[in-house]
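Biologist: Could you take me through one part of this model in detail, the stretch that carries the dimerisation domain label in UniProt? Please add whatever helps to place that part in its surroundings.

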Amino acid sequence: MSTRIAIIGGGPGGYEAALVAAQLGADVTVVERDGPGGACVLTDCVPSKTLIATSTRMATLSESASLGVRFSGGGDGIVGGLEVDLPLVNKRVRELAWAQSADIEDRVSAEGVRIVHGDARLVDPQIVAVGDERIQADVVLIATGATPRVLPGSEPDGERILNWRQLYELPELPEHLIVVGSGVTGAEFAGAYLALGSRVTLVSSRDHVLPNEDEDAARVLEDVFQRRGMELLARSRAAGVRRVGDGVEVTLTDGRTVRGSHCLMTVGMVPNTKGLGLEEAGVRLDERGFVQVDKVSRTSAAHVYAAGDCTGVLMLASVAAMQGRIAMWHALGEAVQPLKLGWVAANIFTDPEVAAVGVTQAQIDSGEVPARIVKLPLSTNPRAKMQGFLDGFVKLFCRPATSIVLGGVIVAPRASELILGLSMAVQQHLTVDQVAHTFAVYPSVSGSITEASRRLMQESAY
């Protein structure tokens, strides 16, 4: 008899787990409330990156005069003579999200996975309830994701005070968008709407944008934002937001106020774990409500696993997917390697993008990890010069004695594509000598990775 798998949540953690389990011969049921792909595909990652793709194209075109390409024009919503049709942009965003969801449904259905639409809860560690239906399971995976955190007294209304899931219903480009929160989500949307033509004010409670990322990268991005006209309010914590006429007013904790046409709240995420019967079933949650899991995605309850944002373990789609796969490999008796966060490559989809993998500059500076460092500015790369990309760098870390690559940071257009080489070097324990002897296309931005490796290789000779 096939092992019965019930998965609550059809996002990356859920549907990737379903594919693995089905391919291993299990009988799999996925319960999803909104649609295959979950919030990641329908409201979060896929829509935001689609919007950002449009904004990046706008930024590239509007800054192309130095390459000999000029545009003329003016008026509302015009950047360098280019006009943004926001309803059309949002229509494309929504259509692409639903198309991706349909692709996922076709893929998992082709593997024999049963999809149930509705709200689920555990009535027992091995029984999932969806309405009146009871799904018996040998193994349950919780992959319910998370929801934008709401600042008390500043609840989004979907019109002027917004969370990022409500942006795609706006009928027109915000005249002045105030973004509260300068983490990854805040920085991405602030940069995107600035490129689309909105006036943008970014409210940051910390010293600089992206406070939890590489400081050199954050400084580059901050410089780009300000050069393009963004107003940055550092060390400024928002106390509340309210509607004022046809706009909004953000009150800061020091008593200052900022007025704009719209306010986007990006103040974190809360896990979707309430009302699921988890604690009653013996699933331990932390003080913030996240499901506690080990390195193979097990919870404190036998036969119950968890994956994705509801666990609070690096809120990335790639991590959710890997947690889900690991859970199924483990549950179905396959050889499995525990999740290694040091191998996770992450990217921030600003312009330029910020990608990183492995150890961090902060770990090296604190003495936690001994390492040698090389940092090459993008302005010295020939391909970057040809394309007019001057903001950014490639930074590489290696062990002092063995020269094994420990990690790196890339700030550049499409850094999300460039980071794969460093990810492979970290995961496969390659040395800078091995990377340096790898052929890179000339000219290419990736050539800076091999150049950085040659610099570190030369240093090790002395």
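Modeller: Happy to! A word on terms before we start: buried means under 20% relative accessible area, exposed means over 50%, and partly exposed is in between, using a 1.4 Å probe and protein chains only. This is a predicted model, in which local features need pLDDT of at least 70 and side-chain atom pairs count only at pLDDT 80 or more, while totals for chains, interfaces and linings use all residues. Residues are numbered from 1 along each chain as its sequence is written, and side-chain values use heavy atoms, with hydrogens and water left out.

Now to your part. An unreviewed UniProt entry lists residues 345-452 as "domain: Pyridine nucleotide-disulphide oxidoreductase dimerisation"; UniProt positions are given in the numbering used here, feature names are shortened, and annotations may be inferred rather than shown by experiment. Over residues 345-452 the chain is 32% helix and 27% strand, and the C-alpha atoms at the two ends are 19 Å apart. Helices (H or I, at least four residues) and strands (E, at least two) are DSSP runs, numbered from the N terminus.

Let's walk along the chain. In the loop between β21 (346-348) and β22 (353-358) you will find Pro352, and the peptide bond from Asp351 to Pro352 is cis, with omega near 5°. Further on, Ser366 sits in the loop between α8 (361-365) and β23 (372-377). Ser366 counts as exposed because its relative accessible area is 55%. From Ser366 to Leu456 there are 90 residues in sequence, and their C-alpha atoms are 21 Å apart in space.

The next stop is Arg414, in the loop between β25 (405-412) and α10 (415-427). Arg414 is not a glycine, yet its phi is positive, at about 55°. With a relative accessibility of 59%, Arg414 is exposed. For a contrast outside the domain, look at Ser297, in the loop between β19 (269-271) and β20 (304-306). Ser297 also has a positive phi, near 75°, but Ser297 is buried, at 2% relative accessible area.

Back on the path, Pro443 lies in the loop between α11 (432-436) and α12 (447-460). A cis peptide bond joins Tyr442 to Pro443, with omega about -5°.

That brings us to helix α12 and a salt bridge, meaning a side-chain nitrogen of Lys or Arg within 4 Å of a carboxyl oxygen of Asp or Glu. Arg454 makes one with Glu451, and the closest N and O atoms are 3.0 Å apart. Both residues lie in helix α12, 3 residues apart, or about one turn of the helix. Arg454 is partly exposed, at 32%, and so is Glu451, at 26%.

Salt bridges are also found elsewhere, and the count comes to 29. Asp214, Asp216, Lys375 and Lys395 are linked in a network of them. Another joins the side chains of Arg228 and Glu63, at 2.8 Å from N to O. Arg228 lies in the loop between α6 (215-227) and β14 (231-233) and Glu63 in the loop between α3 (45-62) and β3 (78-79), so this pair ties together parts that are 165 residues apart in sequence. Arg228 is partly exposed, at 28%, as is Glu63, at 41%.
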